[in-house]
Every structure is written in C-alpha cells, then in structure tokens.
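Colleague: I'd like a close look at a single part of this model, whichever one you think repays the effort. Please tell me afterwards how the rest compares, and spell out the cut-offs as you go.

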Amino acid sequence: MDIRFDDRVAIVTGAGTGLGRSHALGLAARGAKVVVNDLGVSTDGQGRSSDAAEAVAEEIRAAGGEAFAHGADVASEAEVADMVAKTMDTWGRIDILVNNAGILRDKTFGKMTMDDFRKVVDVHLIGSANCTHVCWPIFRAQGYGRVVLTSSGSGLYGNFGQANYGAAKAAMMGLMNVLHLEGAREDIRVNCLAPTAATRMTESLMPPEALELLAPETITPGLLYLVSEDAPSRVIMSAGAGCFAQTRVYETDGILLQGDEITPENVAAQMDQMQNAINQQELTDAFSQTKKYARKAAEARGLS
Ligand code: NAD
C-alpha cells in the first residue's frame, strides 16, 4: 500500500537544508502541505536568514506542491506560536510535526562553557518540546497527530566532545516515552529518528566516498513511515545509508538481595548475574518497573 499524505499538513523544523530539507521534499512529493521552518543559522547557531527555507518552499511549489516558509526559532514560544497560528489560518489543521532543527557546539566537557551546553539543549530539547507543546492541543482536538523527535547516536551511545548534544539527544527518548503514553488515547503517535547522514554538520568528519552513501534521502523514507497513518509509536528508528534499525532499551531480570544481604559488596559480587541478558525485558512504563521489583521481593518472602 502506498504511503500518502494527501490532505495532511506537516511542519518540518530546520528544513532549509540537510535532513529537514529532504524530509520536507519527501512529504510534499507524497501530497502533504508543508511548512518549511528554518532559522537559517550556521552549524553552531549563529546568524539568521530566511533564504534557505524560502528556497525549499519554492522548490516544493515549483514541483506542484503546497508549502510556505517560516523563520521561527524553535526555542521561542512566541515565534512558534506565530508559525502554528499561520499554519492553522492557511490550512486549518496540523497532522505531522517533524522536530529536526539542530545545532552543534562540540568541545570536551572540561572546555565547554555552560552557555554552549545550554544553547544546544535549548535548540534540541526545548525547541522540540516547545514546537510539540504548541501543536499538542491541535492534535488532541483532531484526534490525530504524528510527531517525530530527532535523536542521534550521540545521545543513544555517546560521542566524544558532545556532552551538550548527547544529553539533549538522549532527552528525546525520555520525551517520546512520556508523550507516547499521554498521546495514545487521541491517536497521537510519537517516535524518534536517530539518523546518520552527510550534511553540513558531518561533511568534515568523513571521506567523500562515505558521504556519498549517507545522503539524507536514504533516511527520509524511514521518517515518512514514522509519520504515516499506520505509524508505530514509541519506536527509536536509527537510520543511515539505507540501513534502518530499531534501538531498544531493555532491563535485565536482575538479582534480588534481601535483608542483611543488601550490601555494596554483594551488589559487586553479583554484577555478572545482574548483567545477564537472559529474560531481559522491555518495560512499558516506569511503574511497571516498580511493580516488577515489588513482586520479586514479595515472592521471595512468600507474600504473593
Ligand atoms: P543541518 O545543519 O544541515 O540542518 C539543521 C537546520 O536546522 C539548519 O538549516 C538550521 O538553520 C536549522 N536550525 C538550527 N537552529 C534552529 C532554530 N533554533 N530554529 C529553527 N531552525 C534551526 O543539520 P542536519 O545534519 O540536517 O541535522 C538535522 C537534525 O538531525 C539535527 O537535529 C541533528 O542534530 C540531527 N542529526 C544529524 C545527524 C547527521 O549525521 N547529520 C546525526 C544525528 C542527528
């Protein structure tokens, strides 16, 4: 079955270049009306220009699609509110939000200023939360919403020199987990995309042969599925060069210590058993973890 977005309205942040541009073009090519958001900043978040967003919106219109550019800073509540109001005035609904805008301010943690830490968290985490928060009542009223939060291998696995970025990108997983639970009743589905692509963010990090394989267009089909009508929810899709994988969080079955046994020495002595992957589980929410521990402790005492 073809995945189409006819009559759907999408906002893609940071869509003037790189992955966001590819996502915006991909959505428009399959029928979506697209708000091409971009602040037009440098990779480290300096300056401001509407040129890139205007060019992508024009590219969509030239191909017969519908789009307008908007230069809201994703971290500004007032500017995002203006973008969302303009979208509602123009098309009357918002179905899809792709939180993609991002910057980098890499430095080892000891050399990083807290200003650089905050600025990166501000664009990625606060920016994504802000855009989603402004759209949330609209999704709820419609009984339909598709949200993607852009994470990164840096957040999921770590990357030297990216304490700010890694923390902000890991936070996408936490935001997704909660919004997935809170949005389910109104058919709001929330997923993470963790891409690895050749863009201006990464062009100096890899040789040209590798960059050629990692075009943003090899990732966008995964994003399109994540915002489609039949999208899953609470999936972390990792993608690059045509590879698509799911990143998951599991908890091991663990060990149980009781009474006087609960000592740091016993925890240390049983680390191997604690890490054993047999019977590991993907938990559905925080309370199911609490229940798991209470059940194990009660069973061991013959209380259940
Ligand atoms: P890019 O620099 O090409 O594009 C990012 C865009 O975001 C730029 O056009 C920029 O102007 C815009 N932007 C920055 N701050 C903004 C703000 N406050 N408000 C609105 N727009 C803003 O980078 P990219 O590689 O295409 O990255 C897109 C997303 O993917 C980012 O969230 C990035 O962290 C993430 N990501 C990229 C890679 C990769 O390999 N390229 C890997 C993991 C994650």
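Modeller: Let's fix one word before anything else: a residue is buried if 20 or more other C-beta atoms, placed from the backbone, lie within 10 Å of its own, exposed if 12 or fewer, and partly exposed in between. Keep in mind that this is a predicted model, where local features need pLDDT of at least 70, side-chain atom pairs count only at pLDDT 80 or more, and totals for chains, interfaces and linings use all residues. Residues are numbered from 1 along each chain as its sequence is written.

By that cut-off, 39% of the 304 residues of the protein chain count as buried. The protein chain has eleven helices and eight strands; these are DSSP runs numbered from the N terminus, helices being H or I with at least four residues and strands E with at least two. The protein chain has a radius of gyration of 21 Å, close to the 19 Å from the globule rule for 304 residues, so it is as compact as a globular protein of that length. That radius is taken over C-alpha atoms, and the rule is 2.2 Å times the number of residues to the power 0.38. The C-alpha trace spans about 70 × 45 × 35 Å along its principal axes.

The part I'd zoom in on is helix 1, residues 18-29. Helix 1 has twelve residues and runs 17 Å from its first C-alpha to its last, close to the 16 Å expected at 1.5 Å a residue; the expected span is 1.5 Å times one less than the number of residues. Eleven of those twelve residues are buried, so helix 1 is largely enclosed by the rest of the structure. Among the buried ones are G18, R21, H23 and L27. Past its end comes G31, with a positive phi near 105 degrees.

Now for the ligand. There are 33 residues around the ligand, and G14, G18, G102, S152 and T199 come nearest; the test here is a C-beta atom, placed from the backbone, within 6 Å of the molecule. Helix 1 gives the most to this shell, with three residues. Helix 4 (114-142) also supplies at least two. By type, the shell holds twelve nonpolar, 18 polar and three charged residues, where Ala, Val, Leu, Ile, Met, Phe, Trp, Tyr, Cys and Pro count as nonpolar, Asp, Glu, Lys and Arg as charged, and the others, Gly among them, as polar.

From the record, UniProt places the feature "domain: Ketoreductase" (unreviewed entry) at residues 8-196. Over residues 8-196 the chain is 50% helix and 16% strand, with end C-alpha atoms 27 Å apart.

For a helix to set against this one, try helix 11 (286-300). The number of buried residues among its 15 is zero, so helix 11 lies largely in the open. Its end C-alpha atoms are 22 Å apart, which agrees with the 21 Å that 15 residues should span at 1.5 Å a residue. Helix 11 is followed by G302, whose phi is positive, near 70 degrees. In the loop between helix 10 (271-275) and helix 11 sits N279, and N279 counts as exposed, with 8 C-beta neighbours inside 10 Å. N279 isn't a glycine, yet its phi is positive, about 65 degrees.

R234 is a similar case to look up: its phi is positive at about 60 degrees although it is not a glycine. You'll find R234 in the loop between helix 8 (220-226) and strand 7 (236-240), partly exposed, with 19 other C-beta atoms within 10 Å.

Finally, contacts, meaning two residues whose C-beta atoms, placed from the backbone, lie within 7 Å. Of the contacts in the protein chain with a separation of 6 or more, 66% involve residues 24 or more positions apart. T87, in helix 3 (residues 77-91), is buried with 23 other C-beta atoms within 10 Å. Leaving out residues up to four places away in sequence, T87 touches V9, I11, V35 and I94. V41, in the loop between strand 2 (33-37) and helix 2 (51-62), counts as partly exposed with 18 C-beta neighbours inside 10 Å. With the sequence neighbours up to four places away left out, V41 touches Q46, G47, R48 and I103.

How values were computed: UniProt positions are given in the numbering used here, feature names are shortened, and annotations may be inferred rather than shown by experiment.
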